[in-house]
Amino acid sequence: MQMQSRIPKLTETSFEGALLWFSELQVQKLMFHPEDDPADVRINSNGLPTFTNSEVAELRFLMGELESCLGYEQVIEAAYPIFKNVCSLPLDA
């Protein structure tokens, strides 16, 4: 039996698609900083990995797709407002 992935589908490799994808990660409480390897992301309450090995592979693939289409800086910019929201930090003026 194969488990369904918790990782949202990436519908398009555009800035807007990346923004939507990061938003969906946040809604599912799976948001991570795009500069971090998903394998290193831990659940704060118990220190266990947030993602399974298959989810790590899926996230690495999707991040690679975004970076190859948008470039590293654009991926970071797309994640920026979502990550700031997760951390309860104000957006830059």
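1. In which helix does S68 lie? In this predicted model, S68 belongs to helix α2. Its relative accessibility is 58%, and S68 therefore counts as exposed, since the cut-off for that class is over 50%. S68 can also be related to a residue far off in the sequence: T13 is 55 residues apart from it along the chain, and the two C-alpha atoms are separated by 9.1 Å.

2. The overall architecture may be stated briefly. The secondary structure of the protein chain consists of 3 helices and 0 strands. Read from the N terminus, the order of elements is α-α-α. Helix α1 covers residues 15-27, and helix α2 covers residues 53-70.

3. The dimensions of the protein chain deserve a comment. Its radius of gyration is 13 Å, which agrees with the value near 12 Å that a compact globule of 93 residues would have. Taken along the principal axes, the box filled by the C-alpha atoms is roughly 45 × 30 × 20 Å.

4. Surface and contacts complete the general picture. The accessible surface of the protein chain is about 6200 Å², and carbon and sulfur atoms account for 54% of that area. Of the 93 residues, 31% are buried. Among contacts with a separation of 6 or more, 54% join residues that are 24 or more positions apart.

5. Where does T13 lie, and what does it touch? T13 is placed in the segment before α1. Apart from neighbours within four places in sequence, T13 is in contact with E65, L66, C69 and L70. Its relative accessibility of 33% is the reason why T13 counts as partly exposed. A further distance concerns E58, which is 45 residues from T13 in sequence and 15 Å from it in space, C-alpha to C-alpha.

6. Two glutamates invite a side-by-side reading. E24 is in helix α1, whereas E55 is found in helix α2. E24 has 28% relative accessibility and so counts as partly exposed. The relative accessible area of E55 is 5%; E55 is therefore buried, as this value is under 20%.

7. The surroundings of these glutamates can also be listed. With residues up to four places away in sequence left out, E55 touches S5, R6, I7 and T50. For E24, neighbours within four places being set aside, the contacts are P8 and K9. E24 and N44 are 20 residues apart in sequence, and their C-alpha atoms are 20 Å apart in space.

8. What is the sign of phi at K29? The phi of K29 is positive, about 60°, although K29 is not a glycine. Most residues other than glycine have a negative phi, so a positive value merits a note. K29 lies in the loop between α1 and α2. With a relative accessible area of 73%, K29 is exposed.

9. How many residues line the largest pocket? The lining of this pocket has 14 residues, and those nearest its centre are M31, V41, R42, I43 and T50. The space in the largest pocket is about 300 Å³. By class, its lining comprises 7 nonpolar, 3 polar and 4 charged residues. T50 links this point to an earlier one, being among the residues that E55 touches.

Key: Residues numbered from 1 in each chain as written. Predicted model: local features only at pLDDT ≥ 70, side-chain atom pairs only at ≥ 80, totals over all residues. Heavy atoms only, no water. 1 Å grid on protein atoms, 1.4 Å probe; cavity = no way out; pocket = protein on both sides within 12 Å on 5 of 7 lines; lining within 4 Å. Points joined across faces, edges and corners; volume = space filled by probe spheres on them. Nonpolar A, V, L, I, M, F, W, Y, C, P; charged D, E, K, R; others polar. Helix = DSSP H or I, 4+ residues; strand = E, 2+ residues; numbered from the N terminus. Rg over C-alpha atoms; globule rule 2.2 N^0.38 Å. Buried < 20%, exposed > 50% of the residue type's maximum accessible area, 1.4 Å probe, protein only. Contact = heavy atoms within 4.5 Å. Areas by Shrake-Rupley, 256 points an atom, 1.4 Å probe, with all protein chains shown as cover.
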